[in-house]
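User: I am new to this structure and would be grateful for a close look at one part of it. Please explain how its aromatic side chains are placed and how the strands around them are arranged.

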Amino acid sequence: MGIMKSAADLVYTIRFLKMLVTPFNKLGAFKAGIIDKDGKKLIKKGSDWFYIEKNRRAYKAHYTSFIRLIINLKKLMAKVPGGRSIIARYGAALLLIKEDGNLSDRQINMIHEETGIDILDCLVETTQWYMIEGKELSKGVYRSKFDTVITTGEEIVSKGDKVRVVEGHALPIDSVLGIDIYEGIHLKSGQPMYFSTGEIEK
């Protein structure tokens, strides 16, 4: 069972890396007319497009939660050449990938090495001015400093959107490559989202 799990993790990781470097116009979602060349979703829920069985099958095959997560991460990385725009969001993005694929730390390290991002840059961009004790955040409402995604990877959180941190849920839920990751509520969607301290501000 351990061997099978390790093999599955490796396949998942390779698939993620392959899709991460594949242009949007080469993805199945683009060829099916679901996204445009920049990764923007073209199909709205409830549209006539879904009345055609072939389209429904294509949506189910080429726009899964895993693929949506990658598309949104690719869009965030594309905002600034070299992916510098996601440095502060890097740890939260890796945690989404880790949870979605049930990956091991070794697989996450493989993905990290492939990105070429310097982990020291991520650590430098974190801040601790709103911590009340140890690593606990002060409860209240913060604003997202960047575009990002909720925990399902489906909806993009816009820069300036409000994020609530509630008492009793203000400690890190995990740590990825030494970056502490917290969970809050994206007030616009009501959905949970992950973030590091470098991603929020008062």
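Analyst: F195 is buried in this predicted model, because its relative accessibility is 1% and the limit for buried is under 20%. Y182 is likewise counted as buried, at 1% relative accessibility. The rings of these two residues form a pair: the centres of Y182 and F195 lie 6.1 Å apart and the planes meet at 15°. Planes under 30 degrees apart count as stacked, so the pair of Y182 and F195 is a stacked one.

The strands give this pair its setting. Y182 belongs to strand β8 (residues 179-186) and F195 to strand β9 (residues 191-195), so the pair ties together parts that are 13 residues apart in sequence. The backbone shows the link as well, since F195 in β9 is the bridge partner of Y182. Strands β8 and β9 run antiparallel and are joined by five bridges. Together β8 and β9 make a hairpin with four residues between them, and in the turn G190 has a positive phi of about 75°.

Strand β8 has further partners. With strand β7 (residues 174-176), β8 pairs in the antiparallel sense over three bridges; here D174 stands opposite I181 of β8. The hairpin of β7 and β8 has two residues between the strands, and L177 takes a positive phi near 55° there. Strand β6 (residues 162-165) is also antiparallel to β8, with two bridges joining them. The bridge partner of V163 in β8 is H186.

Aromatic contacts are found elsewhere too. The count comes to five aromatic pairs. One of them is formed by F50 and Y59, whose rings are 5.0 Å apart centre to centre with 70° between the planes, an edge-to-face arrangement. F50 is buried, with a relative accessible area of 18%, and Y59 also counts as buried, at 16% relative accessibility. Both residues belong to one aromatic cluster, which is formed by W49, F50, Y59 and Y63.

A ring may also be met by a charge. The charged end of K202 sits over the ring of Y142, at 4.2 Å from the ring centre.

To return to the part requested: Y182 and F195 are stacked, and F195 is the bridge partner of Y182 in β9.

Terms used: Residues are numbered from 1 along each chain as its sequence is written. This is a predicted model: local features need pLDDT of at least 70, side-chain atom pairs count only at pLDDT 80 or more; totals for chains, interfaces and linings use all residues. Side-chain values use heavy atoms; hydrogens and water are left out. Rings of Phe, Tyr and Trp (its six-membered ring) pair if their centres lie within 6.5 Å; planes under 30 degrees apart count as stacked, over 60 as edge-to-face and the rest as tilted. Buried means under 20% relative accessible area, exposed over 50%, partly exposed in between (1.4 Å probe, protein chains only). A charge sits over a ring if NZ of Lys or CZ of Arg is within 6 Å of the ring centre and within 35 degrees of the ring normal. Two strands pair if DSSP finds at least two bridges between them.
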